[in-house]
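Reader: Hey, can you walk me through this one? I'm new to reading structures.
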Amino acid sequence: MPLAMEELYVPALPQEIIDMIIGSVCQKDALRSCCLTCRAWLHASGAGLYDSVTLGPDRADVRRLFEAIQSSPILANYVHEFVLAFDEDEDKELVEFTSEELEMLGFILAKSARLRRLGFYGSIVTIAWPDAATFQLPRMELVHELEVVDVCFPSTESLLFFFVSSLPNVRSIIAEAVRLIPATGCIWPAPTPPTGVRGASSLPIMQSLQCLDLGCFDTEPYRLFFSSDARKVEVLFSYKWDISLFCTLFRDSNTAASVHHLSLASHISAPVPGEPFYSTGLVLSLNLCLLQERRKCSQVSWINARI
């Protein structure tokens, strides 16, 4: 006997249950389909689709996201993580932004009011960051995590605008191969050993910073980061003179007084016996012992260090 229409009726699921189901979907294609299904599914599927945005290696990705946010501004509210990973042919060493790309990038970041994590990656090439007079990131007070790899800055002013003025509340920084070199015609040589470098400034420039993970640095970035009251610091040495630079800038810095956990690692090739590097390593070890004793640093460790 056929069932009555009333008996075939299936009640609609509560919106909260629908949101939970969509929230468990990981595939981007499936989330795009959910966005187009109905208006009731748009919020949950859009949040999953735009929660973490990675642009690149195709530089046209910047324009696509720019146009998407222009047509539907609510999408920017879903973005909590933004990563820009530019890439080029191996015979090209620098990635330089066009004025149009900078305008679109500024628009995207300014609209992403709930952004928590920011990343810039040069990959096999180096991102040449524009001068502060040309472009400045919007002020992003909710960004707590920053990762910067293979980026060169043309001036100290642009470095300060990037790390301090635009990101006043960043708590954790992972930075590798960040340098202060004029961007025009910039080619990465091995950094020269430091000469006559003074210690880090006593001014607490980056007051909210708590965790530092650093590698392959120039003098000014080190000086800036060690002005903070970071409690956890990890440093990777790529060149033997990095150790001398680290000792000079770190020892009398704000970070040396605040750090509780200091982890140092090295992938420097083992030196020939008799090279000054051995004495440099010994001096560093002695400095760290004094640091642990005087500054009450709870843990100082070497990882794969060849000294």
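Author: Here is a short chat about the fold, the core and the empty spaces. This is a predicted model, where local features need pLDDT of at least 70, side-chain atom pairs count only at pLDDT 80 or more, and totals for chains, interfaces and linings use all residues. Residues are numbered from 1 along each chain as its sequence is written, and side-chain values use heavy atoms, with hydrogens and water left out.

Reader: Cool. How many helices and strands are in the protein chain?
Author: The protein chain has 11 helices and 11 strands. Both are DSSP runs numbered from the N terminus: helices are H or I with at least four residues, strands are E with at least two.

Reader: And how much of the chain is buried?
Author: Of the 307 residues, 42% are buried. Buried means under 20% relative accessible area, exposed over 50%, and partly exposed in between, using a 1.4 Å probe on protein chains only.

Reader: Which strands does strand 8 pair with?
Author: Strand 8 (residues 211-215) runs parallel to strand 7 (residues 172-180), joined by five bridges. Five bridges also join strand 8 to strand 9 (residues 232-237), again in parallel. Two strands pair if DSSP finds at least two bridges between them.

Reader: Which residues sit opposite each other there?
Author: Alanine 175 stands opposite leucine 214 of strand 8. Leucine 212 has valine 233 in strand 9 as its bridge partner.

Reader: New topic: what's in the largest nonpolar core?
Author: It has 73 residues, and Phe82, Leu118, Phe120, Trp129, Phe163, Ile173 and Tyr222 touch the most other members. Helix 9 (residues 240-250) gives the largest share of this core, six residues. A nonpolar core is a set of buried Ala, Val, Leu, Ile, Met, Phe, Trp, Tyr and Cys residues joined through side-chain atoms within 4.5 Å.

Reader: What does tryptophan 129 touch?
Author: Leaving out residues up to four places away in sequence, its contacts include Phe97, Leu105, Phe120 and Phe135. Contact means heavy atoms within 4.5 Å. Trp129 also helps line the largest cavity, along with residues including Ala132, Gln136 and Ser166.

Reader: Wait, how big is that cavity?
Author: The largest cavity holds about 40 Å³ of space. Its lining divides into six nonpolar residues, three polar and no charged. Here Ala, Val, Leu, Ile, Met, Phe, Trp, Tyr, Cys and Pro count as nonpolar, Asp, Glu, Lys and Arg as charged, and the others, Gly among them, as polar.

Reader: What makes something a cavity and not a pocket?
Author: On a 1 Å grid over the protein atoms alone, a cavity is a set of points where a 1.4 Å probe fits but cannot get out, while a pocket is an open set with protein on both sides within 12 Å along at least five of seven lines. Lining residues have an atom within 4 Å of a point. Grid points are joined across faces, edges and corners, and a volume is the space filled by probe spheres set on the points.

Reader: So what lines the largest pocket?
Author: There are 16 lining residues, with Arg32, Leu49, Tyr50, Val53 and Leu65 nearest its centre. Strand 1 supplies the largest share, four residues. The largest pocket has about 410 Å³ of space, and its lining splits into nine nonpolar, three polar and four charged residues.

Reader: Last one: is serine 155 buried or exposed?
Author: Serine 155 is buried, with a relative accessible area of 17%. Serine 155 lies in the loop between strand 6 (145-153) and helix 7 (156-165).
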